[in-house]
Amino acid sequence: MSGAVPAELVAKLSALKTRMPSYTKDEIQEVVTEMLSSMEGDLSEMNLKLYAEVESLARYIVTAKTEIAALRPDEIMSDHIPSATDELDAIVGSTEEATNGILQAMESLEGLTAEMDPAMAEKVTEAVTLVYESCNFQDITGQRITKVVKALKHIESKVDALVAAFGDEIAKYKASHPQAEKAAEDPMSDKALLNGPQLAANAGKQDDIDALLASFD
Amino acid sequence: MSVDMQMNILIVDDYKTMLRIIRNLLKQLGFNNVDEATDGSMALQKLRDKEYGLVISDWNMEPMTGIQLLREVRADAKLKALPFIMITAESKTENVIAAKEAGVNNYIVKPFNAATLKTKLASVIGQF
């Protein structure tokens with residue numbers, strides 16, 4: 001606030017004070033109006049400070065939005081999380097398949113104990129029992145992975161909200177960073193060639209690979 | 001009192017491999033009449049359709065969980081005395097208390113071994 005009260009207003013207030021209580025309503029109104037108008041400058045200054053703060057905040061928000069857009073939450077939504085959940089589902093599926101294979105083999109072995117001498121049959125049964133017990137792991141790992149998948153789904157819903165809120169910023173960022181998009185699309189780059197095991201639906205079949213190799217001959 | 005080794009046992013778990021493991025271990029113990037269900041509602045239907053001497057159930061299944069199945073069994077006039085063993089990875093004290101309050105006869109924590117299964121079975125249906 002600016003401190004100085006206009007001299008003319010001070011004079012009027014002094015005059016009113018000497019005439020108390022003989023001043024009129026109109027005179028009071030006039031003084032009040034003048035006081036308010038004298039405060040206008042202060043209010044404008046406050047407003048300016050407020051505007052400056054709001055502007056600074058707006059700049060901060062814009063910067064934050066740009067930084068968030070640079071994190072590419074749309075990619076997290078479209079690629080990373082679905083890929084992670086698919087991989088985890090594949091782990092559950094492959095461990096289940098392997099466990100069933102192990103159990104099948106153990107059941108066959110156990111079936112042969114009837115043809116063994118009792119001492120041997122007992123030893124084989126003990127070993128088979130140990131394998132059955134060890135196969136508990138499939139259920140436990142399956143449940144743990146299911147928990148992780150649920151956590152990922154929760155994160156996915158939060159990122160989804162983020163993408164919805166920052167959609168424009170993400171589009172702007174993508175438009176201003178076309179090189180990053182292009183590099184990610186190159187299927188023969190060293191980075192793009194490092195993918196690890198493929199999901200069953202995407203995995204190359206040995207016959208197809210053999211045919212491809214043969215095509216180079 | 002001798003244990004009826006021919007009794008029907010219903011095992012309930014949403015993991016097929018776990019059903020297979022329990023079935024095989026029960027077979028080793030001499031119990032061959034074993035049926036399977038993959039959740040509580042399927043189990044409840046089987047329990048109402050056929051006479052069973054024991055239920056061994058997982059907890060975490062959909063749509064009906066093991067604890068819900070247990071409550072349904074205890075609330076059913078014909079099934080309420082049926083021996084019920086919970087076999088689950090849920091190992092918190094609260095789970096065990098809730099199962100006990102719902103009327104479980106015994107509780108096995110996964111991963112488990114054959115000896116534990118035999119001991120718990122014996123405690124519920126008698127020595128065999």
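Beyond its neighbours within four places in sequence, P63(B) is in contact with D39(B), S41(B) and Q68(B). The model is predicted. P63(B) sits in the loop that runs between strand 3 and helix 3 of chain B. Its relative accessibility is 68%, so P63(B) counts as exposed; the cut-off for that class is over 50%. The C-alpha atoms of P63(B) and M42(B) are 9.6 Å apart. Along the chain, 21 residues separate these two positions.

The loop between strand 3 (54-57) and helix 3 (66-75) of chain B also holds W59(B). Unlike P63(B), which is exposed, W59(B) is buried, at a relative accessible area of 11%. Its ring is considered below, with the aromatic pairs.

Chain B contains an open sheet of five strands. The strand order is 2-1-3-4-5, and the pairing is parallel. Strand 2 and strand 5 of chain B form the edges, each pairing on one side only. From one strand to the next, the twist averages 20°. Strand 4 (residues 84-88) and strand 5 of chain B pair in the parallel sense, over four bridges. Within this part of the sheet, M86(B) stands opposite Y107(B) of strand 5 of chain B. Helix 5 of chain B packs on the sheet. Strand 3, strand 4 and strand 5 of chain B are touched by this helix. The direction of helix 5 of chain B makes about 175° with that of strand 5 of chain B.

Aromatic contacts were then examined. A pair of aromatic rings is described by the distance of the centres and the angle of the planes. Over all chains, the search of the whole structure returns two aromatic pairs. One of them joins F31(B) and F128(B). Their centres lie 5.1 Å apart, with 75° between the planes, and the pair is edge-to-face. F31(B) belongs to the loop between helix 1 (16-29) and strand 2 (34-37) of chain B, while F128(B) belongs to the segment after helix 5 (114-125) of chain B. The two residues are 97 apart in sequence, so the pair ties together distant parts of chain B. The two rings differ in exposure. F31(B) is buried, with a relative accessible area of 1%. F128(B) is partly exposed, at 29% relative accessibility.

W59(B) and Y107(B) also pair. Their ring centres are 6.5 Å apart and their planes stand at 65°, so this pair is edge-to-face; the class requires an angle over 60 degrees. The pair links distant parts of the chain, 48 residues apart. W59(B) contributes from the loop after strand 3 of chain B, and Y107(B) from strand 5 (residues 106-109) of chain B. Y107(B) is buried at 10% relative accessibility, and W59(B) is likewise buried at 11%. Y107(B) thus takes part in the ring pair with W59(B) and also stands opposite M86(B) in the sheet.

Chain A has eight helices and zero strands. Its pattern along the sequence is α-α-α-α-α-α-α-α. Of its 217 residues, 19% count as buried. Contacts in chain A were also sorted by sequence separation. Among those between residues at least 6 apart, 73% join residues at least 24 apart. The accessible surface of chain A comes to about 15,600 Å². Carbon and sulfur atoms account for 63% of that surface.

Note on methods
Residues numbered from 1 in each chain as written. Chains lettered and ligands numbered in written order. Predicted model: local features only at pLDDT ≥ 70, side-chain atom pairs only at ≥ 80, totals over all residues. Heavy atoms only, no water. Phe/Tyr/Trp six-rings, centres within 6.5 Å; stacked < 30°, edge-to-face > 60°. Buried < 20%, exposed > 50% of the residue type's maximum accessible area, 1.4 Å probe, protein only. Pairing = 2+ DSSP bridges. Axes fitted to C-alpha atoms, helices over the stretch in contact; angles between N-to-C directions. Contact = heavy atoms within 4.5 Å. Areas by Shrake-Rupley, 256 points an atom, 1.4 Å probe, with all protein chains shown as cover.
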